[in-house]
Amino acid sequence: GNYQQGLINFEKSLQINKKLNDQKGIATTFGNIGIVYWNQGDYPRALSYYFRALEIDNVLGNKKGIASHLGNIGIVYKELGDYPKALSYYFRGLEIDSSLGNKNRIASHLGNIGIVYDEQGNHLKALSYYFRALELDSVLGNKNKIASHLANIGVVYHEQGDYHKAIAYYFRALEMDSVLGNKRGIAIKLGNIGSLYTKTKNYEKAELCLKQALDISIDIGYLGGSMDWHKYLSELYA
């Protein structure tokens with residue numbers, strides 16, 4: 001969650017790659033810088049770096065890089081609410097990674113596709129993709145991704161009004177992110193739990209969780225989270 005230091009190190013890496021004329025390294029670093037800006041909620045800058053990375057890897061014919069950038073571009077379009085574009089990029093990335101047998105990326109695409117279907121209100125499709133992603137990442141031992149899938153499954157149950165299942169998945173995800181020290185993930189899970197507590201009229205616990213989520217988001221510069229937790233707090237106080 002130390003995004004400023006991350007950017008400083010990536011910029012140093014970028015300068016070294018440019019001196020070496022390492023085009024693949026430049027593309028990778030562009031993609032990583034895009035990820036930092038995405039985490040901060042600076043979507044225009046994130047897209048700018050992703051597309052620069054994609055352009056280089058297209059020239060190099062680096063399919064692994066291309067698939068990764070396509071998936072990341074899809075994430076930004078999802079955040080911007082452009083779901084058709086998001087799905088288009090996700091499925092293009094999924095097709096390439098499936099042909100490469102890249103199970104890590106396949107799981108990422110599956111999870112991201114599930115998020116879009118959830119945003120569109122298609123809960124059955126969302127759960128189908130989430131559980132496929134969860135199964136694959138569990139086999140691979142990708143703890144960060146497992147925590148994300150658990151939380152997303154919790155969101156679907158939350159939206160369906162199955163609060164017992166939702167809170168169980170949220171806490172499993174929070175526990176995993178806490179062990180990993182994933183500050184952004186912790187903030188998201190605390191925010192989700194706070195929102196659920198508001199729904200179930202457990203107002204004191206709701207306020208505690210939402211304030212903790214907000215403090216973490218402000219500390220790491222996570223703008224999207226700060227926006228959401230302010231909104232959830234206003235709903236709680238109302």
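Which residue just after helix 6 takes a positive phi? It is Gly 121, whose phi is about 85°. The legends below describe close-up views of a predicted model.

**View 1. Helix 6 and the glycine that follows.** Helix 6 covers residues 103-119, and at 1.5 Å a residue its 17 residues should span 24 Å, which agrees with the 25 Å that separates its end C-alpha atoms. Of these 17 residues, 14 are buried, so helix 6 is largely enclosed by the rest of the structure. Just after this helix comes Gly 121 with its positive phi.

**View 2. A tilted ring pair between helix 2 and helix 3.** The count of aromatic pairs in this model comes to seven. In one of them, the rings of Phe 30 and Tyr 49 have their centres 5.7 Å apart and their planes at 55°, and because this angle is neither under 30 degrees nor over 60, the pair is tilted. The pair links distant parts of the chain, for Phe 30 belongs to helix 2 (residues 23-40) and Tyr 49 to helix 3 (residues 43-60), and the two are 19 residues apart. Both Phe 30 and Tyr 49 are buried. Ring pairs also join Phe 30 and Tyr 49 with Tyr 37 into a cluster.

**View 3. A stacked ring pair between helix 4 and helix 5.** The rings of Tyr 77 and Tyr 89 have their centres 5.7 Å apart and their planes at 25°, so this pair is stacked, given that planes under 30 degrees apart count as stacked. Here too distant parts of the chain are linked, with Tyr 77 in helix 4 (residues 63-79) and Tyr 89 in helix 5 (residues 83-100), 12 residues apart. Tyr 77 is buried, with a relative accessible area of 12%, and Tyr 89 is buried as well, with a relative accessible area of 14%.

**View 4. Arg 184 over two rings.** Arg 184 lies over the face of Trp 38, at 4.3 Å from the ring centre. Arg 184 also lies over the face of Tyr 222, and there the value is again 4.3 Å from the ring centre.

**View 5. The crossing of helix 3 and helix 4.** The axes of helix 3 and helix 4 come within 9 Å and cross at roughly 160°. Since angles over 145 degrees count as roughly antiparallel, the two helices are therefore roughly antiparallel to each other. Helix 3 passes helix 4 in a left-handed crossing.

**View 6. Phe 131 and Gly 114.** Phe 131 has its place in helix 7 (residues 123-140), and at 32% relative accessibility Phe 131 counts as partly exposed. Phe 131 and Gly 114 are 17 residues apart in sequence, and their C-alpha atoms are 9.1 Å apart in space.

**View 7. Positive phi values in two loops.** Most residues other than glycine have a negative phi. Asn 21, however, is a residue other than glycine with a positive phi, near 55°, and is found in the loop between helix 1 (3-20) and helix 2. At 53% relative accessibility, Asn 21 counts as exposed. Lys 201, which is not a glycine either, has a positive phi of about 65°, and its place is in the loop between helix 10 (183-199) and helix 11 (203-220). Lys 201 likewise counts as exposed, at 60% relative accessibility.

Methods. Residues are numbered from 1 along each chain as its sequence is written. This is a predicted model: local features need pLDDT of at least 70, side-chain atom pairs count only at pLDDT 80 or more; totals for chains, interfaces and linings use all residues. Side-chain values use heavy atoms; hydrogens and water are left out. Helices (H or I, at least four residues) and strands (E, at least two) are DSSP runs, numbered from the N terminus. The expected span of a helix is 1.5 Å times one less than its number of residues. Buried means under 20% relative accessible area, exposed over 50%, partly exposed in between (1.4 Å probe, protein chains only). Rings of Phe, Tyr and Trp (its six-membered ring) pair if their centres lie within 6.5 Å; planes under 30 degrees apart count as stacked, over 60 as edge-to-face and the rest as tilted. A charge sits over a ring if NZ of Lys or CZ of Arg is within 6 Å of the ring centre and within 35 degrees of the ring normal. Axes are lines fitted to C-alpha atoms, for helices over the stretch in contact, and angles run from 0 to 180 degrees between N-to-C directions. Angles under 35 degrees count as roughly parallel, over 145 as roughly antiparallel, 65 to 115 as roughly perpendicular and the rest as oblique. A crossing is left-handed if the near helix is turned anticlockwise from the far one by less than a right angle, and right-handed if clockwise.
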